[in-house]
Amino acid sequence: MRATTDADVRRVFDRMADRYDSQMLAWERRLFPGSREWAVGQARGHVVEIAVGTGLNLPLYDAGTTVVGIELSGPMLELARRRVAGAGLGERVELRQGDVQRLDLPDGVADTVLSTFAMCTIPDPLAAAREAYRVLKPGGRFVLAEHGPSSNPVIRAGMRLLEPLFVRFEADYLTRDPRPYLEQAGFAIESVTRTTRGIGFRVLAVRP
């Protein structure tokens with residue numbers, strides 16, 4: 001199974017931008033209900049959302065938060081900008097095109113870094129975790145809703161069988177466990193909840 005590149009990820013999401021919302025929300029209803037709401041509910045203060053996509057999370061944030069959303073794909077980012085404009089969120093949300101593996105943000109700027117179903121597609125998830133650590137204030141949280149290897153061995157075997165196809169056509173690593181990358185980046189994992197036969201992950205990690 002070959003490794004993906006930034007170009008692969010950009011190409012996939014540029015191509016699927018117009019159908020991303022319907023496709024993603026259909027998967028979430030079946031497998032990860034409530035995961036976005038849970039993740040955004042953990043966010044506090046100034047938030048950096050990595051791989052903000054089309055901005056599905058943006059209307060869910062509390063009025064007391066401000067958000068900088070980073071997205072690699074131009075077409076995805078344009079849809080997010082339309083969502084921000086339509087919801088009147090422009091005063092609280094800033095959107096930037098960029099690479100979450102190399103964030104163009106100063107150290108210690110964020111109270112929360114948030115990622116929903118993004119670590120599975122980032123070519124170098126350890127680099128993204130290290131960048132999240134860098135931009136967080138001490139005591140800040142990295143909040144993740146993600147999928148990963150099922151705790152059911154039969155389902156996990158099926159995921160591994162399908163994974164090369166998902167990587168090739170969707171740049172999506174089905175069985176990537178986000179926790180080791182967080183630990184290697186220096187985070188202390190505060191809590192992990194597994195959902196839907198162990199496929200779903202809800203992770204809270206803290207920068208010491």
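Q: Where does Asp-99 lie in this predicted model?
A: In this predicted model, Asp-99 belongs to the loop that joins strand E3 (93–97) to strand E4 (110–116).

Q: Why is Asp-99 called buried?
A: The relative accessible area of Asp-99 is 14%, and the term buried applies under 20%, so Asp-99 counts as buried.

Q: What makes the approach of the side chain of Asp-99 to Arg-102 a polar contact?
A: The side chain of Asp-99 and the side chain of Arg-102 come to 2.3 Å, and because a polar contact asks for a pair of N or O atoms within 3.5 Å, one able to donate a hydrogen and the other to accept it, this pair is listed as such a contact. The side chain of Asp-99 also reaches the backbone nitrogen of Gln-101, at 2.9 Å.

Q: Which residues is Asp-99 in contact with, leaving aside its neighbours within four places in sequence?
A: They are Asp-6, Ile-70 and Leu-72, where contact stands for heavy atoms within 4.5 Å.

Q: Why is Val-67 called buried?
A: Val-67, a residue of strand E2 (residues 66–71), has a relative accessible area of 2%, and the limit for buried is under 20%, so the term applies to Val-67. Its contacts, with neighbours within four places in sequence left aside, are Val-47, Glu-49, Leu-58, Tyr-61, Arg-92, Val-93 and Glu-94.

Q: What is the separation of the C-alpha atoms of Val-67 and Leu-95?
A: These two residues are 28 residues apart along the chain, and their C-alpha atoms are separated by 8.2 Å.

Q: What makes helix H4 (residues 125–135) mostly covered?
A: Of the 11 residues in H4, 8 are buried, and the residues concerned are Pro-125, Leu-126, Ala-127, Ala-128, Ala-129, Glu-131, Ala-132 and Val-135. The elements that cover them include E4, strand E5 (136–147) and helix H6 (179–185).

Q: Ala-171 and Arg-197 each have a positive phi of about 55° although neither is a glycine; which of them is buried and which is exposed?
A: Ala-171, in the loop between helix H5 (153–170) and H6, has a relative accessible area of 1%, so it is buried. Arg-197, in the loop between strand E6 (188–195) and strand E7 (200–206), has a relative accessible area of 61%, and since exposed means over 50%, Arg-197 is called exposed.

Q: How do you know that Ser-35 counts as buried?
A: Ser-35 lies in helix H2 (residues 35–41) and has 4% relative accessibility, so with the limit for buried set under 20% Ser-35 counts as buried. A polar atom of the side chain of Ser-35 lies 3.1 Å from the backbone oxygen of Phe-32. Leaving aside neighbours within four places in sequence, Ser-35 is in contact with Phe-117, Ala-145 and Arg-202.

Q: Why does Arg-156 count as partly exposed?
A: Arg-156, found in helix H5, has 22% relative accessibility, and because partly exposed covers what is neither under 20% nor over 50%, that is the term for Arg-156. Not counting residues up to four places away in sequence, Arg-156 touches Pro-149, Ser-150 and Ser-151. The C-alpha atoms of Arg-156 and Ile-199 are 8.4 Å apart in space, while the two residues are 43 residues apart in sequence.

Q: How do you know that the radius of gyration of the protein agrees with that of a compact globule?
A: For 208 residues a compact globule would have a radius of gyration near 17 Å, and the protein has 16 Å, so the two agree. The C-alpha trace spans about 45 × 40 × 30 Å along its principal axes, and 52% of the 208 residues count as buried. Among contacts with a separation of 6 or more, 70% come from residues 24 or more positions apart.

Q: How many helices and strands are there in the protein?
A: There are 6 helices and 7 strands, and along the sequence they follow the pattern α-α-β-β-α-β-β-α-β-α-α-β-β.

Notes
Residues numbered from 1 in each chain as written. Predicted model: local features only at pLDDT ≥ 70, side-chain atom pairs only at ≥ 80, totals over all residues. Heavy atoms only, no water. Helix = DSSP H or I, 4+ residues; strand = E, 2+ residues; numbered from the N terminus. Rg over C-alpha atoms; globule rule 2.2 N^0.38 Å. Buried < 20%, exposed > 50% of the residue type's maximum accessible area, 1.4 Å probe, protein only.
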